[in-house]
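Got the viewer open and a selection box ready? Let's take a short walk through this one, stop by stop.

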Amino acid sequence: TVIYRAEQVSAFRDIHPAAPTHILIVPNKHIESVNSLKAEDESLIGHLFTVAGQLALQEGIAKDGYRLITNTGANGGQTVFHLHLHLLGGRHMQHPMG
């Protein structure tokens with residue numbers, strides 16, 4: 001379900017949620033991974049985080065906290081080779097990660 005769409009970024013609910021709130025925030029420009037970022041992408045990546053904060057407020061999880069994750073490469077757990085943020089919240093996150 002698409003919950004946000006703008007010129008630079010789209011966001012939708014994960015089909016296999018790992019938390020009560022699990023949203024994928026994706027740049028509309030294809031960028032394979034963090035390793036593919038260029039200096040020209042800096043404002044776009046900053047915008048991803050701004051949208052994440054807006055969505056956390058919209059979803060009612062900003063006050064209690066949430067987790068943002070991006071996976072890079074096989075050992076980092078990347079299975080979709082288009083850069084994206086996972087916004088996870090709605091419960092206490094487990095620690096340590098990994």
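Which residues is T21 in contact with, leaving aside its neighbours within four places in sequence? Before you click, keep in mind that this is a predicted model.

**Stop 1: T21**

Select T21, then show E59, I61, L87, L88 and G89: those are its contacts once neighbours within four places in sequence are set aside. T21 lies in strand 3. Its relative accessibility is 7%, so T21 counts as buried, the cut-off being under 20%. Three of the names you just lit up, L87, L88 and G89, also turn up at the next stop.

**Stop 2: strand 5**

Now select residues 85-89, which make up strand 5. How many of the five residues of this strand are buried? Five of the five are, so the strand is largely enclosed by the rest of the structure.

Turn on side chains and look along the strand. In a regular strand, side chains alternate between the two faces of the sheet. Here L85, L87 and G89 point one way, while H86 and L88 point the other. Both sets are buried.

**Stop 3: the partners of strand 5**

Add residues 21-27, which is strand 3: strand 3 pairs with strand 5 in the antiparallel sense, over five bridges. To find your place in this pairing, pick I25, which stands opposite L85.

Next bring in strand 4, residues 66-69. Strand 4 also runs antiparallel to strand 5, and four bridges join the two. A handy landmark here is I69, standing opposite H86.

**Stop 4: L55 on helix 1**

Select residues 42-59 for helix 1, then pick out L55 within it. Is L55 buried or exposed? With a relative accessible area of 1%, L55 is buried.

Show what L55 touches, not counting residues up to four places away in sequence: I3, Y4, A11, I23, I25 and L87. You've met I25 already, as the residue opposite L85. For a distance check, draw a C-alpha to C-alpha line from L55 to I31: the two are 24 residues apart in sequence and 22 Å apart in space.

**Stop 5: the hairpin**

Two of those L55 contacts, I3 and A11, lead to the last stop. Select residues 2-5 for strand 1 and residues 9-13 for strand 2; they pair in the antiparallel sense over three bridges. Together strand 1 and strand 2 form a hairpin, with three residues between them. To see the two strands face to face, click R5 and look across to S10, which stands opposite in strand 2.

Conventions:
Residues numbered from 1 in each chain as written. Predicted model: local features only at pLDDT ≥ 70, side-chain atom pairs only at ≥ 80, totals over all residues. Heavy atoms only, no water. Buried < 20%, exposed > 50% of the residue type's maximum accessible area, 1.4 Å probe, protein only. Pairing = 2+ DSSP bridges. Contact = heavy atoms within 4.5 Å.
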